[in-house]
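Some features of a model are easier to read with a guide. The dialogue here takes them one at a time.

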Amino acid sequence: MSKLHILHADMDAFFSAVEQRENPELQKKPVIVGGVSLSNRGVVSTASYEARKFGVHSAMPIAKAKKLCPAGIYLPARHGLYKKVSGEIFAILKKYTPLVEKLSIDEAFLDVKGCERLYGDSIEIAEKIKAEVKQKTDLTISIGVSINKFLAKLASDYDKPDGLTVIRKKDIKEFMRNLDIDKIWGVGDVFAAKLAEKKIYKASDIWPYSLEELKKSYGKAGVKLFFLSRGIDNRDVKSQNEIKSVSHEETFAENISDRDKLFAYLFKMSEKVSFRLHSNSIKGATIFIKVRYSDFSTYSRQQSLKVAVNSSEEIYQRAKNLLIQNNLLDKPLRLLGIGVSNLCLEGQEQLNLFAEANEDQLDQTIDELKRKYGFNKISRARKLYLNND
Ligand SMILES: [Mg+2]
């Protein structure tokens, strides 16, 4: 399929833009929205474009931001307000197609295939969405239009703020040629450093390598790189109600029997699952785990809850109990997996009288940071155990 039917829509400097809208005195000024508190130990959630000129960016420690931009206006994040505005924006997006995949509070993929008769082609739809968001919320959104998710996301980022960029099939090669390798999905700092050893800095530096060579050197990540560096990506846009379960599993380089180490992995995976549930505003009422031993025998167990959950702590505790109660840790593990199914939208779960509000709030803050930072840099204390070995 080479039709331009995928859109990636992303609000511009969302939190600080909302603050600037709420208080006209903040317009055209460097506004920096911090995490829960604005202590010098916190990090920047969003910097307005005016603040970015000073070198301030997301995930930067507040203390550093204050050095770079002492005259900046520093505000604590108001998540309730941003969530409300986000609801208004998603209501607009969902008018144009039922296929909206929420990536975060201010970002989504849309598949507009089949919606053209109602609203015009994908570029016209993007123009209409931009105009409607501006009119109804007084905020700007950047949209990328292309033939797949990967290219649409690159396109939305290309001309921020208030951008509308189209990458057609004939433009792909030129667009990819000079793209920095770390803009490719799955290429983080560590992988980028490995690639730099081979003088691979741009997407086009991948082109001379065969699929087999990349697979041999980098495994699955190499295969992904082969296709993405050519702008090939065939993942579908998935709306919330198409997601049946959210899970994560890891195969270890060496079998692990140390329980503390396994629990640390389990916690890290619970955070990933929780992050994806939060991103889609969903919760799950069934927790499941999967283990595989060195002889490849594989077992899974599940537990259903009265009330759906999505906090990492709850998912972790249930999964840990499943492992212990079923004596699944008596032999070294080759693989460990965790997941949540039986999903429902947030707000549609039964009221949980015993839920701890703090847990949810903490997860929300961590989610915000992860969106900006990527998974590997932010985690709660338990994960440090993994980083130290
Ligand atoms: Mg954004």
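What follows is a set of questions and answers on this predicted model.

Q: Which protein atoms are the donors of the magnesium ion, and how far away do they lie?
A: A donor is an N, O or S atom within 2.8 Å of the metal. Here Asp10 (OD), Met11 (O) and Asp106 (OD) serve as the protein donors, 2.2 to 2.5 Å from the magnesium ion. Water is not among the atoms, so the site may look incomplete.

Q: How are the donor residues spaced in sequence?
A: The spacing reads D-M-x94-D. Of these donors, Asp10 and Met11 are both buried.

Q: What is the nearest side chain of opposite charge to Asp111, and how far away is it?
A: A salt bridge needs a side-chain nitrogen of Lys or Arg within 4 Å of a carboxyl oxygen of Asp or Glu. For Asp111, which is buried, the nearest candidate is Lys113 at 4.1 Å, and Asp111 has no salt bridge. The backbone nitrogen of Lys113, however, lies 3.0 Å from a polar atom of the Asp111 side chain.

Q: Where does Asp111 lie, and which residues does Asp111 touch?
A: Asp111 belongs to strand β6, residues 107-111. Not counting residues up to four places away in sequence, Asp111 touches His5, Ile6, Thr97, Leu99 and Val237.

Q: Is Phe90 buried or exposed?
A: Buried means under 20% relative accessible area. Phe90 has a value of 6%, so this residue counts as buried. Phe90 sits in helix α4, residues 79-96. Leaving aside neighbours within four places in sequence, its contacts include Val100, Ile105 and Ala108. The C-alpha atoms of Phe90 and Ala108 are 8.5 Å apart, with their positions 18 residues apart along the chain.

Q: How many aromatic pairs are there, and how is one described?
A: A pair of aromatic rings is described by the distance of the centres and the angle of the planes. The count here is 12 aromatic pairs. In one of them, Phe150 and Trp185, the centres are 6.2 Å apart and the planes stand at 35°, so the pair is tilted. Phe150 is in helix α7 and Trp185 in the loop between α8 and α9, so this pair links parts of the chain 35 residues apart. Phe150 is buried at 2% relative accessible area, whereas Trp185 is partly exposed at 28%.

Q: What are the distance and angle for Tyr158 and Phe175?
A: This pair is also tilted, at 5.3 Å centre to centre and 55° between the planes. Tyr158 is exposed at 58%, while Phe175 is buried at 18%.

Note on methods
Residues are numbered from 1 along each chain as its sequence is written. This is a predicted model: local features need pLDDT of at least 70, side-chain atom pairs count only at pLDDT 80 or more; totals for chains, interfaces and linings use all residues. Side-chain values use heavy atoms; hydrogens and water are left out. Donors are N, O and S atoms within 2.8 Å of the metal (3.2 Å for Na, K and Ca); water is not among the atoms, so sites may look incomplete. Buried means under 20% relative accessible area, exposed over 50%, partly exposed in between (1.4 Å probe, protein chains only). Helices (H or I, at least four residues) and strands (E, at least two) are DSSP runs, numbered from the N terminus. Lys and Arg count as positive and Asp and Glu as negative; His and the chain ends are not counted. A polar contact is a pair of N or O atoms within 3.5 Å; within protein, one must be able to donate a hydrogen and the other to accept it, and residues adjacent in sequence count only if both atoms are side-chain atoms. Contact means heavy atoms within 4.5 Å. Rings of Phe, Tyr and Trp (its six-membered ring) pair if their centres lie within 6.5 Å; planes under 30 degrees apart count as stacked, over 60 as edge-to-face and the rest as tilted.
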